[in-house]
Amino acid sequence: MNLKEIMAADLDVFLNTDEFADEHTLGGKKIRLIIDSDTLNGTPLPHAEGVSLWRKVIYVSCSDLGYRPNEGGLLELDNQTYEVVNVDEQDGLFVITLEANAM
């Protein structure tokens, strides 16, 4: 077994709902993923007067999601629509940065 195969096997531990991941609805599909919210002390990032920027970085298995989201496109996470700002693939995981403005 090589390092890539070992890392692929570790995805099941990383995305285990008893360990790090939780089940969420992403693009209309129930899926295991990890959410890393980018906020300041639980509040949205300052963006412009009267507007707050909510940013989330999610980690999801490439094979579980089944497709690569388009940067600049929209993606729904738990009934909230976000713009896909960045998509990076790292050893079988998509690292997806999502943003939404709220007034």
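Which residues does glutamate 99 touch, not counting residues up to four places away in sequence? In this predicted model, the answer is Leu53, Trp54, Arg55, Tyr82, Glu83 and Val85. Let's stay with glutamate 99 for a moment. You'll find it in strand E7, which covers residues 93–102. Its relative accessible area is 19%, and since buried means under 20%, glutamate 99 counts as buried. One of its neighbors deserves a second look: the side chains of glutamate 99 and arginine 55 are joined by a polar contact of 2.8 Å.

Now move over to leucine 77, which sits in strand E5, residues 74–77. Leucine 77 is buried too, with a relative accessible area of 2%. Leaving out residues up to four places away in sequence, leucine 77 touches His24, Thr25, Leu26, Leu33, Ile35, Lys56, Ile58, Tyr82 and Leu98. Tyr82 may ring a bell, as glutamate 99 touches Tyr82 as well. Try tracing the chain from glycine 28 to leucine 77: they are 49 residues apart along it, yet their C-alpha atoms are separated by 8.1 Å.

From leucine 77, hop across to leucine 26, one of the residues it touches. Leucine 26 belongs to strand E1, residues 22–26, and is buried at 1% relative accessibility. Again skipping residues up to four places away in sequence, its contacts are Ile31, Leu33, Ile58, Leu65, Leu75, Glu76 and Leu77. Leu33 and Ile58 are also among the contacts of leucine 77. As for threonine 81, it lies 55 residues from leucine 26 along the chain, with 9.9 Å between their C-alpha atoms.

Note on methods:
Residues numbered from 1 in each chain as written. Predicted model: local features only at pLDDT ≥ 70, side-chain atom pairs only at ≥ 80, totals over all residues. Heavy atoms only, no water. Helix = DSSP H or I, 4+ residues; strand = E, 2+ residues; numbered from the N terminus. Buried < 20%, exposed > 50% of the residue type's maximum accessible area, 1.4 Å probe, protein only. Contact = heavy atoms within 4.5 Å. Polar contact = N/O pair within 3.5 Å; in protein donor to acceptor, adjacent residues only side chain to side chain.
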